Amino acid sequence: MKQLGTLYFFCGKMGAGKSTKSKQLAIDKHAVLLSEDEWLSSLYPNQIASFEDYLKFSAQLKPLVKKHVQNILSVGTDVVMDFPANTQKLRKWFLDMASEVNASHQLIFLNLNNGQCLRQIAQRRNEQPERAAFDTEAVFIHVSKFFEAPEASEGLNILEFSGKE
């Protein structure tokens, strides 16, 4: 029987470090890294001006991404997805993606508090000035309203980091 790849994906509030951790994990696992931010900015340049725009374009992207990831997993290559898994509905999408092709999965939960996330967002604004308009405390507060921490009942393989590691 052919060895399938593993799907790695992340849950954590805005600023928790999902993109940073996903890049490092892809290197460590010799995996394909897929970044939602890169796909969205390439496919919809200058069209995402609000959180609602993000939700709309992200939803349009998902069917294509799902099939692409399943093809990669099916040939035995690991995939690290820098796409947020911050709600039960989104986590089910990731879980279905892996289970439909009988691949294994790992959810990495970056469980940082609001203060830790806001400090990292402030640092990111300094390092990436082009993100300053979106990386604000107001956006963080708005987006955090939708955040749902993962629960054991979701049937996920969860690896949790509290930010103290």
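Lys62, Val65, Lys66, Val69, Gln70 and Leu73 of α3 are in contact with Leu90, Trp93, Asp96, Met97 and Ala98 of α4. That's a handy way into this predicted model, since α3 turns up again and again below.

**Helix α3 and its neighbours**

The α3/α4 crossing is right-handed, and so is the one between α2 and α3. Here are the two pairs side by side:

| Helix pair | Axis distance | Angle |
|---|---|---|
| α3 and α4 | within 9 Å | roughly 35 degrees |
| α2 (residues 36–43) and α3 | 10 Å | about 110 degrees |

With that angle of about 110 degrees, α2 ends up roughly perpendicular to α3. On the α2 side, the contact is built from Glu36, Trp39, Leu40 and Leu43. On the α3 side, it takes in Tyr54, Phe57, Ser58, Leu61, Lys62, Leu64, Val65 and His68. Lys62 and Val65 also appear among the α3 residues that meet α4.

Then there's the sheet: α3 lies across β1, β2 and β3, and it runs at about 170 degrees to β3.

Serine 74 is also part of α3. Its relative accessibility is 22%, so it counts as partly exposed. If you want a long-range pair to look at, try serine 74 and glutamine 120: they sit 46 residues apart in sequence, with a C-alpha to C-alpha distance of 36 Å.

**The sheet**

Five strands form an open sheet in the order β2-β3-β1-β4-β5, and the pairing is parallel. β2 and β5 (158–161) are the edge strands, each pairing on one side only. From one strand to the next, the twist averages 20 degrees.

Zooming in on β3, what does it pair with? One partner is β1, in the parallel sense, over four bridges. The other is β2 (residues 32–35), which also runs parallel to β3 and is joined to it by four bridges. On the β1 side, leucine 7 has valine 79 of β3 as its bridge partner, and phenylalanine 10 stands opposite proline 84 of β3. On the β2 side, leucine 33 stands opposite valine 80 of β3.

Is β3 largely enclosed or largely open? Five of its six residues are buried, so the rest of the structure largely encloses it.

**The core**

Nonpolar side chains in soluble globular proteins tend to be buried together. In this model, the largest nonpolar core counts 46 residues, and the ones with the most contacts inside it are Leu7, Phe9, Val69, Val79, Met81 and Phe94. Quite a few elements chip in: β1 (6–11), α1 (18–29), α3 (51–74), β3 (79–84), α4 (88–99), β4 (104–110), α5 (114–127) and α6 (137–144) each supply at least two of its residues. Which element gives the most to this core? That's α3, with eight residues.

Val79 is a good spot to see several of these threads meet. It is one of the residues with the most contacts inside the core, and it is the bridge partner of leucine 7. Leaving out residues up to four places away in sequence, valine 79 touches Thr6, Leu7, Tyr8, Ala31, Val32, Leu34, Val69, Ile72 and Leu73. Val69 shows up twice as well: it is among the residues with the most contacts in the core, and it is one of the α3 residues that meet α4.

Definitions and conventions
Residues are numbered from 1 along each chain as its sequence is written. This is a predicted model: local features need pLDDT of at least 70, side-chain atom pairs count only at pLDDT 80 or more; totals for chains, interfaces and linings use all residues. Side-chain values use heavy atoms; hydrogens and water are left out. A nonpolar core is a set of buried Ala, Val, Leu, Ile, Met, Phe, Trp, Tyr and Cys residues joined through side-chain atoms within 4.5 Å. Buried means under 20% relative accessible area, exposed over 50%, partly exposed in between (1.4 Å probe, protein chains only). Contact means heavy atoms within 4.5 Å. Two strands pair if DSSP finds at least two bridges between them. Axes are lines fitted to C-alpha atoms, for helices over the stretch in contact, and angles run from 0 to 180 degrees between N-to-C directions. Angles under 35 degrees count as roughly parallel, over 145 as roughly antiparallel, 65 to 115 as roughly perpendicular and the rest as oblique. A crossing is left-handed if the near helix is turned anticlockwise from the far one by less than a right angle, and right-handed if clockwise.
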